[in-house]
Amino acid sequence: MMKFASKMFQMLFYCLTAALVVYSIGLAVTTNFNMGNLMVWLLAAAMTVYAIWQKSLHQWFHTTTLGRVVWWGLVIGGIVYALLVGFVAVSGYANPPTGQEKAIIVLGAGLRRDKPSTLLRFRLDKAYEYAVAHPDVLVVTSGGQGRDEWVPEGQAMRDYLIEKGLDPERVIAENASTSTEENFAFSLELMRQYGLDENTPIAYVSNAFHCYRAGRYAQRAGFATVTSLPAATPWRSVLPCYLREALALAYYWVFKTSSSGPMHALVGFLDLNKRFFYK
C-alpha cells in the first residue's frame with residue numbers, strides 16, 4: 001500500500017512538473033518579462049531538476065548534514081511562503097467600499113502598446129461597475145508611460161472607460177506615476193484641483209492580490225479614509241501574480257517601500273529587459 005501511494009505521489013509530481021513547464025513556456029511567449037514570470041520559471045526549473053535527479057537528491061537531503069540543513073530550510077521556507085500567499089489571497093477582500101466614497105483611483109497595470117493589458121482591463125471593468133452605480137464619484141486613472149508603451153497608462157485607461165460609456169468630465173488621468181506609491185501621491189495632487197483632498201473618502205481599484213499592499217501605500221500618501229475595490233485576476237496570471245506579491249509583501253514589511261532596497265536593482269534590471277522580451 002505504501003509503495004502504491006508513493007508511486008501515485010511520484011506520478012502526480014511528474015504531471016505537475018510537466019504542466020508547470022508547459023505553463024512557463026506559455027508565459028515566455030505571450031507575456032512580458034517580469035518578476036512574477038521569473039519566479040514561475042525558477043520554480044519550474046527546480047521541480048524539473050528534482051524530477052530528473054530525484055533519487056540522488058533525496059539521498060543527499062537525508063544522509064548528509066548539509067543536505068538536511070538545506071532540506072529543512074526548503075521546508076520551512078516553503079511553509080512561510082505558502083502562508084504569505086494565503087494572506088495575500090484573503091487580505092485583498094478585507095476592506096470593501098462603504099458607498100460613501102467621493103473618488104476612486106484606478107491603479108495602472110501595463111499596456112499592450114496603447115491598449116490596457118488583460119490584468120488592467122479587469123481593474124477598469126470593476127471601476128466602471130462602481131462608477132455606474134455611484135454617478136457622483138470622480139474617477140482617477142493613474143499610471144505613467146513605460147518604454148514599451150505607446151501612451152501613458154492613465155490616458156489609455158481614461159480612454160477605455162470613456163469608450164465604455166462614462167462621462168469624460170467624470171474621468172481624469174494622472175500620467176506621471178511609475179509605481180504604486182506615486183500613483184497615490186500624484187493622484188492626490190490632481191484631486192486637489194477638483195476640490196478634494198486627503199480627507200476625502202476614496203476607494204482604489206486593483207486586482208485582489210495587490211489590494212493589501214496598495215492600501216498601505218495609500219495611507220502613506222496621506223489618505224485618511226481608504227477602501228478597496230478588488231478586481232479578479234485572469235486565470236493565466238494567478239500563479240506569477242500571487243508568487244510575486246507574496247515576495248513583494250515581505251519586502252514591503254521590511255523596507256516599507258518598493259523604490260529602494262536591494263531588490264530595487266533587480267526590478268530595474270528586469271524593466272530594462274522588457275523591450276527585448278515584450279510580446
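Strand β4 has five of its five residues buried, so it is largely enclosed by the rest of the structure. Buried here means under 20% relative accessible area, exposed means over 50%, and partly exposed lies in between, with a 1.4 Å probe and protein chains only. Strands (E, at least two residues) and helices (H or I, at least four residues) are DSSP runs numbered from the N terminus. The model is a predicted one, in which local features need pLDDT of at least 70 and side-chain atom pairs count only at pLDDT 80 or more, while totals for chains, interfaces and linings use all residues. Residues are numbered from 1 along each chain as its sequence is written, and side-chain values use heavy atoms, with hydrogens and water left out.

## Strands

In a regular strand the side chains alternate between the two faces of the sheet. In β4, L138, V140 and S142 point one way, V139 and T141 point the other way, and all are buried. Strand β6 is likewise largely enclosed by the rest of the structure, because six of its six residues are buried.

Two strands are taken to pair if DSSP finds at least two bridges between them. The pairings are listed below.

| Strands | Sense | Bridges |
|---|---|---|
| β1 and β4 | parallel | five bridges |
| β4 and β5 (residues 171–174) | parallel | four bridges |
| β1 and β6 | parallel | four bridges |
| β6 and β7 (residues 226–231) | parallel | six bridges |

I105 has a bridge partner in β4, V140, and a bridge partner in β6, Y204. V139 is bridged to V171 in β5. A203 stands opposite T227 in β7.

## Nonpolar cores

In soluble globular proteins, nonpolar side chains tend to be buried together. A nonpolar core is defined as a set of buried Ala, Val, Leu, Ile, Met, Phe, Trp, Tyr and Cys residues joined through side-chain atoms within 4.5 Å. The largest such core has 20 residues, and those with the most contacts inside it are I105, V140, F184, M191, I202, Y204 and F223. At least two residues of this core come from each of β1 (103–107), β4 (138–142), α7 (180–192), β6 (202–207) and α8 (211–221). A second, separate core has 19 residues, including V106, L111, Y130 and A156.

Contact means heavy atoms within 4.5 Å. Not counting residues up to four places away in sequence, F223 touches I105, F184, L188, M191, D197, E198, I202 and A218. L188 belongs to helix α7 and counts as buried because its relative accessibility is 6%. With its neighbours within four places in sequence left aside, L188 is in contact with D197, E198, A221 and F223. The C-alpha atoms of L188 and I105 are 9.5 Å apart in space, with their positions 83 residues apart in sequence.

## Helix α9 and aromatic rings

Helix α9 (residues 238–255) has 18 residues and spans 25 Å from its first C-alpha to its last, close to the 26 Å expected at 1.5 Å a residue. The expected span is 1.5 Å times one less than the number of residues. Buried residues of α9 are P240, C241, Y242, L243, E245, A246, A248, L249, Y251 and Y252.

Rings of Phe, Tyr and Trp (its six-membered ring) pair if their centres lie within 6.5 Å; planes under 30 degrees apart count as stacked, over 60 as edge-to-face and the rest as tilted. The whole structure holds twelve aromatic pairs. In one of them, Y217 and Y252 meet edge-to-face, at 5.3 Å centre to centre and 80° between the planes. This pair links distant parts of the chain, with Y217 in helix α8 and Y252 in helix α9, 35 residues apart. Both Y217 and Y252 are buried. Elsewhere, ring pairs link F13, Y14 and Y50 into a cluster.

A charge sits over a ring if NZ of Lys or CZ of Arg is within 6 Å of the ring centre and within 35 degrees of the ring normal. K164 lies over the face of Y128, 4.8 Å from the ring centre. The charged end of R216 sits over the ring of Y212, at 4.6 Å from its centre.

## Backbone

Most residues other than glycine have a negative phi. R113, although not a glycine, has a positive phi of about 65°. R113 lies in the loop between β2 (111–112) and β3 (115–116), and counts as partly exposed because its relative accessibility is 48%. K256, just after α9, takes a positive phi of about 60°.
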